[in-house]
Number of protein chains: 2
Amino acid sequence: MKKARDGKPTINDVARIAGVSKKTVSRVINRSPLLNEATREKVEAVIAELGYVPNPQARALALRRNFLIGLIHDNPNAQMVLGVQEGILSAIRDTEFALVVRPVNRRSLDMLDDVRAFLEQQRLFGVMLLPPISENDALAELCEDLGVTYVRMGSVRLDEDEHMVASNDREAVANAVGYLVERGHRRIGFVAGPEGFRSAAERALGYRDALEQAGLALDPAIMAEGSYTFETGIAAGEKLLSASTPPSAIFASNDEMAAGVLHAARTQGLSVPEDLSIVGFDDTAIAAHIWPPLTTVRWPIQAMAKAAAIKLIDPAQARKQPSHFLSDLIERASVRPA
Amino acid sequence: MKKARDGKPTINDVARIAGVSKKTVSRVINRSPLLNEATREKVEAVIAELGYVPNPQARALALRRNFLIGLIHDNPNAQMVLGVQEGILSAIRDTEFALVVRPVNRRSLDMLDDVRAFLEQQRLFGVMLLPPISENDALAELCEDLGVTYVRMGSVRLDEDEHMVASNDREAVANAVGYLVERGHRRIGFVAGPEGFRSAAERALGYRDALEQAGLALDPAIMAEGSYTFETGIAAGEKLLSASTPPSAIFASNDEMAAGVLHAARTQGLSVPEDLSIVGFDDTAIAAHIWPPLTTVRWPIQAMAKAAAIKLIDPAQARKQPSHFLSDLIERASVRPA
DNA sequence: TTGTACGCGTTATCAT
DNA sequence: ATGATAACGCGTACAA
């Protein structure tokens, strides 16, 4: 019999000192109902006294599953990734789960192999997939094959409810453009996101919906595509503003591009919102810090991430978690009536 | 004897099929030098064939240490946290280490208890501490007590080299202000960061150094303090610009406040950089996206984080890693000669 | 209600 | 150079 030598106290130390068996201590830890109240209290006292904390590695080995949940992402934007991390943390706070992050490179050819190696090596409890890589069905399939439960975050329903948490970008954009229509804008330009991004496609659909709803026709002359960057936003803005009949308002599919449009407008001597109204998407930090502050659409990122994490770790609660979230329009100062 | 039943193959499966003992397989995995080449190849063939990957939980248990490194931070800004995560990942790529993140609340009274619980529960290999909480000595002491190795990132040398990776904010700010002096500015305002932040104090010292070096006197009328936010930047800007002799240039201790100063200038009808030059600090996303793009100072965050991670996981390399890093001045368009 | 004996997958000790 | 056997800390049958 060894004493509590150097390291942390173990379940054996607790059992020995409390004068019970390991199993009893184990029952106390796992809140087994069939336990004598007196025994429980005695054991709990010893646990407190020793400052005993169960070793998660040993638990993981015995239970044949660990308590790590992974976040796999391709850095869509820093604000979003951090928001997700906060959301997950709020779900696992006061549990034994921890969050391990794994940035990957979407453009890399061996991205899938990279993820596979990661999952096989770490044997995570489950993973969360962030857009845009969450849109990759092969990735979800890989998780399935490897027996790693997963939840995908996305701009639209990509999977079954238990594997999915979605914002409804199409509807959110339709609302935002509708907001412009309500304010009298009839010539509304659109800056699309890059092809291949599901979010970009959804947002484009939302734009069409709103125009159709308002009885307005699509006009390619005031539509452009960017790649979600500031620079491509400038280029898109220049194109739309040089149309023979330029728009009185522009919806850009993300804030970076909206900032680019703003820049292009300013370069052409236009005032925002006096001469041009602009609406963005994402509500990243830029939105509030450019001038004028940008009216934009915000995902409830933390709430979505929290719901997703709960789906992952708590099957009992999973069904009760919403799978669909509505985005809010954040009204700031970049829009005025036509 | 069990077959490779349902789950992943184990070391036993490999040993049985290769016709050797567990220990031999273990030796192969751990690259023990005293091994017959033929045996090694035979075992490696079986490993490849089975797709065997060692179980990290079992290893952790046997070795009595795991391979998780923690990142504890209080979200100074999203860009920085993500940069650090990337840096750490580049250091642990192709190793068995994984990164677990733990955001904490600096203002919470039980922040220390929170971290203690986290460390006791997860038993991490080591942790990285980000500013501003890395400046908290009690936190470092806690890690020490719990036997968790740590490395702190900060704006100045806070600890011994093996526990520290520092940018030299004082020198960086002195350089930035000197850059203004070189361009003929003699009346240079300063927006300090909040009291209690070591970085704020260091940056203020850098400002004083530069003025002294240039033979300029400190003038409280063109100095203000903010709390690293956009709004406090506006307030500070308003104060400085309403001085009886307003500054021709302003150094703000971070980009958010610089953006606020820019906003204040614009509100007062001033053009930047024609009427006022502005320099910020951090090179966050805002810096490049406001108009005019902000000249600012950039930490080599990823390089610092990578060095810090190597110090943590590889004692052999630790000494060779630099502990001090120089920040770069990023010249954009918010400065012009006086 | 509580305890005994064994398994989880790996490494370490000490032979051989 | 290789193997038998005992840890590592915890959970679970199955008994008692």
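This passage describes the symmetry, the sheets, one buried side chain and the DNA surfaces of a predicted model.

The two protein chains of the predicted model are related by a rotation: chain A can be laid on chain B with an RMSD of 0.2 Å by a turn of 180° and a shift of 0.1 Å along the axis. That is the relation of a two-fold axis. The contact between the chains follows this relation, since the same surface serves both copies and 100% of the contact residues of chain A recur in chain B. Among the residues of chain A, the one that comes closest to the rotation axis is V100(A), whose C-alpha lies at 2.0 Å.

Strands from both chains take part in an open sheet of 12 strands with mixed pairing, in the order β11(A)-β5(A)-β4(A)-β3(A)-β1(A)-β2(A)-β2(B)-β1(B)-β3(B)-β4(B)-β5(B)-β11(B). The edges are formed by β11 (324-325) of chain A and β11 (324-325) of chain B, each of which has a single partner strand, so one side of each is left without a neighbour in the sheet. Within the chain A part of this order, strand β3 (residues 126-129) is joined to strand β4 (residues 149-154) by four bridges, and the two strands run parallel. In this pairing V127(A) stands opposite Y150(A) of β4(A). In general, the strands of a sheet pair through backbone hydrogen bonds, either parallel or antiparallel.

Further parallel pairings in chain B involve strand β8 (residues 249-252), which is joined by four bridges to strand β6 (residues 188-192) and by three bridges to strand β9 (residues 277-279). A249(B) has a partner in each of these strands, standing opposite I188(B) of β6(B) and having S277(B) as its bridge partner in β9(B). The side chains of β8(B) alternate in direction, with A249(B) and F251(B) pointing one way and I250(B) and A252(B) the other way, and all of these residues are buried.

A polar residue with several backbone partners is found in the loop between α4 and β1 (68-73) of chain A, where N66(A) is placed. With a relative accessible area of 3%, N66(A) is buried. The side chain of N66(A) reaches the backbone oxygen of Q122(A) at 3.2 Å, and a polar atom of this side chain also lies 3.1 Å from the backbone nitrogen of F125(A). When neighbours within four places in sequence are left aside, the contacts of N66(A) comprise A60(A), Q122(A), R123(A), L124(A) and F125(A), together with Q57(B) from the other chain.

Turning to the nucleic acid, DNA strand C is surrounded by 29 residues, of which T24(A), T39(A), I11(B), K22(B) and R59(B) come nearest. Sugar and phosphate account for 62% of the atoms of DNA strand C that come within 4 Å of the protein. Several polar contacts to phosphate oxygens of DNA strand C come from chain B: a polar backbone atom of I11(B) at 2.5 Å, a backbone N or O atom of N55(B) at 2.7 Å, and an N or O atom in the side chain of N30(B) at 3.2 Å. Two or more residues of this surface are given by each of α2 and α4 of chain A and α2 and α4 of chain B. The element that gives the most is α4(B), with five residues. By residue class, the surface near DNA strand C divides into 13 nonpolar, eight polar and eight charged residues.

DNA strand D is surrounded by 27 residues, the closest being I11(A), K23(A), R59(A), T24(B) and T39(B). Of the atoms of DNA strand D within 4 Å of the protein, sugar or phosphate supplies 61%, and the rest belong to bases. A contact to a base is made by K22(A), which has an N or O atom of its side chain 2.8 Å from a base nitrogen of DNA strand D. Contacts to phosphate oxygens of DNA strand D are made by a polar side-chain atom of T24(B) at 2.5 Å and by a backbone N or O atom of N36(B) at 3.0 Å. At least two residues of the surface near DNA strand D are supplied by each of α2 (22-29) and α4 (56-63) of chain A and α2 (22-29) and α4 (56-63) of chain B. The residues of this surface comprise 11 nonpolar, eight polar and eight charged ones.

Technical notes: Residues are numbered from 1 along each chain as its sequence is written. Chains are lettered from A and ligands numbered from 1 in the order in which they are written. This is a predicted model: local features need pLDDT of at least 70, side-chain atom pairs count only at pLDDT 80 or more; totals for chains, interfaces and linings use all residues. Side-chain values use heavy atoms; hydrogens and water are left out. Copies are superposed by least squares on the C-alpha atoms of residues with pLDDT of at least 70 in both. Contact means heavy atoms within 4.5 Å. A residue is near a molecule or strand if one of its heavy atoms lies within 4 Å of it. A polar contact is a pair of N or O atoms within 3.5 Å; within protein, one must be able to donate a hydrogen and the other to accept it, and residues adjacent in sequence count only if both atoms are side-chain atoms. Ala, Val, Leu, Ile, Met, Phe, Trp, Tyr, Cys and Pro count as nonpolar, Asp, Glu, Lys and Arg as charged, and the others, Gly among them, as polar. Buried means under 20% relative accessible area, exposed over 50%, partly exposed in between (1.4 Å probe, protein chains only). Two strands pair if DSSP finds at least two bridges between them.
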